[in-house]
Amino acid sequence: MSSDTVRHIESKGAPDRFARGWHLLGLTREFDDGKPHGLEAFGTKLVIWKGADGKLKVLDAYCRHMGGDLSTGTVQGDNVACPFHSWRWGGDGKCKEIPYARRIPPRARTNAWLTKELDGQLFVWHDHEGNPPPDDVTIPAIPGYEEGEWTDWVWDKTLVPNSHCREIIDNMVDMAHFYYIHKGPPTYFKNVFDGHICTQYYSGTTHEEAAKGLPIAVGVAEDQQTVSDATYWGPAYLVDKLWTKYGDLTFETILLTTHYPISSSSFMLNYGMVMKKNPDWDDATNNKIAGKLLEGIGSGFYEDVKIWLNKAPIDNPLLCEEDGPVYQLRRWYSQFYVDVADITPEMTQRFEFEIDTTKAVDFWQKELVEQAAQKAAAEA
Amino acid sequence: MTPEDALPMAPVACGTCGTVVQVSKNSAAQTSIQWEVDSSACPKRSELPVGETCPHLSDSIRDAVFSGALAVPASELSE
């Protein structure tokens with residue numbers, strides 16, 4: 001291709017199915033009040049409720065009898081009752097009782113979602129083929145959560161319209177957007193894909209720190225303003241071990257960035273944080289600090305959303321050497337959108353990629369020092 | 001890198017376990033490693049965090065650069 005040929009954006013459109021994997025629907029505390037809750041997801045509506053047995057249950061919300069919305073019904077014992085004719089459905093998907101009928105029809109069975117409750121979170125398993133998760137596809141527990149070493153969850157969510165959820169996945173490898181969108185110039189950036197897992201190591205400074213003009217250590221993960229070790233466990237659940245410096249204090253947090261698809265062109269972004277409790281503070285103070293930290297993270301997501309709302313889907317991004325491995329990331333992500341039998345070795349074989357951030361950090365620091373000087377001159 | 005611009009990869013065998021991976025480097029600091037076998041072929045893998053490159057493999061890649069078996073763009077090496 002000659003250098004004066006115009007490059008065109010290619011896009012084949014969104015995948016024709018939803019990803020296979022564990023998806024977080026929310027915190028268990030959102031659903032445990034003894035009422036049915038409705039939630040639009042996976043191209044349909046789900047109903048979530050806590051039965052008398054204390055377990056959260058998830059079914060398709062639309063009653064297989066006459067299409068009533070179970071999420072506007074009531075909880076009766078372990079079952080959910082449809083508001084239309086009071087058909088009672090169990091968490092296993094079977095109709096347990098029709099109060100006005102002598103017999104339950106033999107085919108009275110709806111779609112029950114396989115659930116998992118872990119560390120205050122509720123997950124459902126989605127598989128286009130309808131198979132259960134393999135043993136090695138799991139969600140990791142947070143060490144010390146049960147022992148009370150962390151704060152309560154601070155949590156927020158935002159609906160992202162007009163975007164397929166693959167847009168947020170691209171962030172995993174997008175080194176330079178951390179400077180332009182999140183005001184956090186990366187100094188070290190590495191990705192690893194292996195099986196159903198995708199990791200990003202990110203260490204970075206801040207605009208304020210870089211603007212001081214002091215030497216910045218490039219290519220080292222340790223002892224930076226922000227140190228982040230983030231792993232997707234499957235297609236939709238990102239666990240980020242995050243250390244953030246503010247002055248002399250370092251906050252150790254676990255940030256979850258999770259989503260579930262609502263449709264092929266919208267998704268719900270659920271994000272939350274626990275902070276390792278500082279023993280010098282009481283629980284209320286620790287929770288309050290965690291909340292403040294999450295506010296900062298949340299405003300960062302809104303910056304991402306602004307980009308997604310306006311950007312074009314692009315199957316053939318044009319990359320430079322300082323960009324991360326977008327194509328290899330998408331190859332990894334594609335494993336969740338094909339039948340298990342069609343997963344190729346290339347989708348799951350280990351791939352490691354470390355970016356050279358030297359030129360980027362050098363340029364960004366010069367830009368920030370210059371901006372700080374201009375600002376100081378304007379204020380003088 | 002955009003597939004059509006990517007540097008060709010060269011095989012590097014780990015000096016410790018013998019696993020062969022495909023490697024390219026755009027600069028002294030940049031490294032791409034493509035495995036062609038399951039990563040459990042590396043006996044150290046199960047002891048390491050998933051994102052960490054095996055230190056033995058890193059050593060072998062460094063050796064391959066020094067020996068010239070793995071080419072790094074010359075302008076980068078002279079810096």
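So, start at A:G21: its bridge partner in β10(A) is A:H126. Keep in mind that this is a predicted model. That pair belongs to a longer run of contacts, since β1(A) and β10(A) are joined by 6 bridges and run antiparallel.

Okay, now the other neighbour. β10, residues 121-126 of chain A, also pairs with β9(A), again in the antiparallel sense, this time over 4 bridges. One of the partners to click on there is A:Q121 in β10(A), which bridges to A:L118.

Put those together and you get an open sheet of 3 strands in chain A, ordered β1-β10-β9, with antiparallel pairing. Why do β1 and β9 each have a side without a neighbour in the sheet? Well, β1 (21-27) and β9 (115-118) of chain A are the edge strands, and each has a single partner, so one side of each stays unpaired in the sheet. As for the twist, neighbouring strands here are turned by 30° against each other on average, if you ignore direction.

Being at the edge of the sheet doesn't leave β1(A) uncovered, by the way: 6 of its 7 residues are buried.

Right, let's jump to a helix. α4 of chain A covers residues 283-310, so to speak a 28-residue run, and spans 41 Å from its first C-alpha to its last, close to the 40 Å expected. Which residues of α4(A) are buried? The list is A:N286, A:I289, A:A290, A:L293, A:L294, A:I297, A:F301 and A:D304. And what do they pack against? Four strands of chain A, namely β11 (154-161), β15 (237-246), β16 (249-263) and β17 (266-275).

Conventions:
Residues numbered from 1 in each chain as written. Chains lettered and ligands numbered in written order. Predicted model: local features only at pLDDT ≥ 70, side-chain atom pairs only at ≥ 80, totals over all residues. Pairing = 2+ DSSP bridges. Helix = DSSP H or I, 4+ residues; strand = E, 2+ residues; numbered from the N terminus. Axes fitted to C-alpha atoms, helices over the stretch in contact; angles between N-to-C directions. Expected span 1.5 Å × (residues − 1). Buried ≥ 20, exposed ≤ 12 C-beta atoms within 10 Å, placed from the backbone. Contact = placed C-beta atoms within 7 Å.
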